[in-house]
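Welcome, and please get your viewer ready. We will take the tour one selection at a time.

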Amino acid sequence: MSEQKKLFFGISLPEESRQGIIQWRADTFVAGTGRPVAAANLHLTLAFLGEIGEEKSRALQRLASRIRQAPFTLTLDDAGHWPRSGVVWLGPRRSPRGLLQLAELLRSQAARSGCHQSTMPFHPHVTLLRQATQPVSLPPRNFSWPFRVERFALFQSIYAQGRTRYSEVAAWPLSQ
Ligand code: 2AM
């Protein structure tokens with residue numbers, strides 16, 4: 001059997017937005033609120049695939065390469081806390097149609113290939129803090145990070161020496 005890898009489709013954030021966000025996070029949340037996600041790991045998941053083998057990964061990459069969609073602007077201007085999963089997140093108050101279409105397509109292709117998809121509605125988010133299980137005081141919604149999304153990627157989640165990092169396996173441009 002081929003080696004299994006933990007994979008997901010997602011969008012990475014531009015370096016400038018990442019730096020702005022981690023500075024804002026440090027200024028906004030008191031130390032000990034949770035475990036901060038490393039700047040390089042800030043991303044938005046479109047479709048989680050879980051542990052899959054090479055053959056399924058290649059089939060999903062072929063399908064992803066055929067997606068024809070225009071770029072869109074994503075504005076991170078909302079924040080929230082999910083106490084059960086211990087996640088503090090940033091997301092858009094209004095999701096661009098292009099983002100929802102792209103996630104819907106990737107999620108349905110994943111489901112048809114046997115990758116279980118959560119029955120919960122897709123809630124686009126960038127995880128900022130993990131293990132935040134105590135009540136969190138959320139900041140006023142006076143922040144906004146807009147950026148252009150011109151590509152999406154398949155990432156591998158690699159856990160080594162107590163750290164998780166996400167490595168890009170392949171990426172595709174958004175262009176019609
Ligand atoms: P999270 O940030 O909300 O934890 C890599 O693990 C990425 O896949 C993370 O963005 C994570 O979301 C997401 N992820 C992990 N397990 C998942 C699952 N079972 N369903 C949906 N997304 C998942």
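Which residues surround the ligand? Keep in mind that this is a predicted model, then select the ligand and display its neighbours: Phe8, His43, Thr45, Phe48, His125, Thr127, Arg130 and Tyr166. Sorted by class, this shell contains three nonpolar, four polar and one charged residues.

Next, zoom in on the polar contacts. Start with histidine 43, where a polar side-chain atom is 2.7 Å from an oxygen atom of the ligand. Move on to threonine 45, which places a polar side-chain atom 2.6 Å from a ligand oxygen. Then pick histidine 125: an N or O atom of its side chain lies 2.6 Å from an oxygen atom of the ligand. Switch on a surface here, and consider that the ligand on its own has 480 Å² of accessible area, of which the protein covers 65%. If you show pockets as well, you will find the ligand in the largest one.

Now colour the strands. Which of them gives the most to the shell around the ligand? Strand 3 does, with three residues. Select strand 3 (43-52) together with strand 7 (126-130), as each supplies at least two residues of that shell.

For the last stop, turn to the aromatic rings, which form 10 pairs in this structure. Select phenylalanine 8 and phenylalanine 155: their rings are stacked, 5.3 Å centre to centre, with 20 degrees between the planes. This pair links distant parts of the chain, 147 residues apart, with phenylalanine 8 in strand 1 (residues 5-12) and phenylalanine 155 in strand 9 (residues 151-160). Phe8 also brings you back to the start, as one of the residues surrounding the ligand.

Note on methods. Residues are numbered from 1 along each chain as its sequence is written. This is a predicted model: local features need pLDDT of at least 70, side-chain atom pairs count only at pLDDT 80 or more; totals for chains, interfaces and linings use all residues. Side-chain values use heavy atoms; hydrogens and water are left out. A residue is near a molecule or strand if one of its heavy atoms lies within 4 Å of it. A polar contact is a pair of N or O atoms within 3.5 Å; within protein, one must be able to donate a hydrogen and the other to accept it, and residues adjacent in sequence count only if both atoms are side-chain atoms. Accessible areas come from the Shrake-Rupley method with a 1.4 Å probe; for residues, only the protein chains shown count as cover. On a 1 Å grid over the protein atoms alone, a cavity is a set of points where a 1.4 Å probe fits but cannot get out, and a pocket is an open set with protein on both sides within 12 Å along at least five of seven lines; lining residues have an atom within 4 Å of a point. A molecule sits in a cavity or pocket if more than half of its atoms lie within 2 Å of its grid points. Helices (H or I, at least four residues) and strands (E, at least two) are DSSP runs, numbered from the N terminus. Ala, Val, Leu, Ile, Met, Phe, Trp, Tyr, Cys and Pro count as nonpolar, Asp, Glu, Lys and Arg as charged, and the others, Gly among them, as polar. Rings of Phe, Tyr and Trp (its six-membered ring) pair if their centres lie within 6.5 Å; planes under 30 degrees apart count as stacked, over 60 as edge-to-face and the rest as tilted.
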